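Colleague: I should like a close look at a single part of this model, with what surrounds it for context. Please begin with the interior and then go through the chosen part step by step.

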Amino acid sequence: MKVDNLFLVPKHFFVPEIIEKRKPLAETARRAGWTGCNILIDKIPPQGKIDIIKGRTEVSRKEISEKLGISDRLIVKDIKARGWLLDILNCVNSIKTNEFTLDDVYAFTSLLTEKHPNNNNIQPKIRQQLQFLRDKGVIEFTGKGRYRKLI
């Protein structure tokens, strides 16, 4: 047997949105009522998936260490703030080009409003999270509402 792919997800990428509760086991099961969960890997941004083995090839320790360093820049203790950060990071990652505008991210306003219905200031929150990503070296502000992805 061989391992095809193996990756690490640092704990600061775990937010409630990526955990999917499964239905409890049936009453006839040995552990009746036990409830498990699924981790929705597709909802974790690429910055939170650090390859250890890729295509049956071991990734170099140097590359793993570099990616862990990038990942560690995104540590946020408050779980609500962490959710916002990962949501904005996923929005930025879904923009196809390396360079993008604030309006490109504002296009996700309705999606973010659905995910965060108690927040009445979605666009200011988007700007705040973009500033955080800029300060952490994930994106670069190039001027007049324009940004560039760095990682």
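**From the core to the N-terminal sheet**

Modeller: The largest nonpolar core comprises 27 residues, and I88, F100, I126, L130, L133 and I139 have the most contacts inside it. Helix 2 (79-94), helix 3 (102-106) and helix 5 (122-135) each contribute at least two residues to this core, with helix 2 giving the largest share, seven residues. One of the residues just named, I126, touches I88, L102, V105, Y106, T109 and L112, when residues up to four places away in sequence are not counted. Please bear in mind throughout that this is a predicted model.

The part I have chosen for the close look is the sheet that includes strand 1. Three strands form this open sheet in the order 1-4-5, and their pairing is antiparallel. Strand 1 and strand 5 are the edge strands, each pairing on one side only. Strands of a sheet pair through backbone hydrogen bonds, either parallel or antiparallel. Between strand 1 (residues 6-8) and strand 4 (residues 50-54) there are three bridges. Within this pairing, L6 has I53 as its bridge partner in strand 4, while F7 has D51.

F7 also takes part in the surface. With a relative accessible area of 34%, F7 is partly exposed. Together with I19, I39 and I41, F7 forms a nonpolar patch on the surface, for which the combined accessible area is about 300 Å².

On the other side of strand 4, two bridges join this strand to strand 5 (residues 57-58), again in the antiparallel sense. K54 has T57 as its bridge partner in strand 5. The two strands form a hairpin with two residues between them, and G55 in the turn has a positive phi of about 60°.

This turn brings us to D4, which is placed in the segment before strand 1. Although D4 and K54 are 50 residues apart in sequence, their C-alpha atoms are 6.4 Å apart in space. Setting aside neighbours within four places in sequence, D4 is in contact with I53, K54, G55 and R56. With R56, D4 forms a salt bridge in which the closest N and O atoms are 2.6 Å apart. Because R56 lies in the loop between strand 4 and strand 5 and D4 in the segment before strand 1, the pair ties together parts that are 52 residues apart in sequence. The two partners fall into separate accessibility classes: R56 is exposed, at 53% relative accessible area, whereas D4, at 38%, counts as partly exposed.

For context, the structure holds seven salt bridges. Another of them joins E63 and K67, with the closest N and O atoms 3.4 Å apart. These two residues are four apart in helix 1 (residues 61-72), so about one helical turn separates them. E63 is partly exposed at 35% relative accessible area, and K67 is partly exposed at 33%.

A second hairpin, that of strand 7 and strand 8, can be set beside the one in the sheet. Strand 7 (residues 139-143) and strand 8 (residues 146-149) run antiparallel and are joined by four bridges; F141 has Y147 as its bridge partner in strand 8. This hairpin has two residues between its strands, and K144 takes a positive phi near 50°. E140 and R148 form a salt bridge, with the closest N and O atoms 2.4 Å apart, and both belong with E99 to a network of salt bridges.

How values were computed. Residues are numbered from 1 along each chain as its sequence is written. This is a predicted model: local features need pLDDT of at least 70, side-chain atom pairs count only at pLDDT 80 or more; totals for chains, interfaces and linings use all residues. Side-chain values use heavy atoms; hydrogens and water are left out. A nonpolar core is a set of buried Ala, Val, Leu, Ile, Met, Phe, Trp, Tyr and Cys residues joined through side-chain atoms within 4.5 Å. Buried means under 20% relative accessible area, exposed over 50%, partly exposed in between (1.4 Å probe, protein chains only). Contact means heavy atoms within 4.5 Å. Patches are made of residues with over 30% relative accessible area and no salt bridge: like charges are joined within 9 Å, nonpolar side chains (Val, Leu, Ile, Met, Phe, Trp, Tyr) within 5 Å. Accessible areas come from the Shrake-Rupley method with a 1.4 Å probe; for residues, only the protein chains shown count as cover. A salt bridge is a side-chain nitrogen of Lys or Arg within 4 Å of a carboxyl oxygen of Asp or Glu. Two strands pair if DSSP finds at least two bridges between them.
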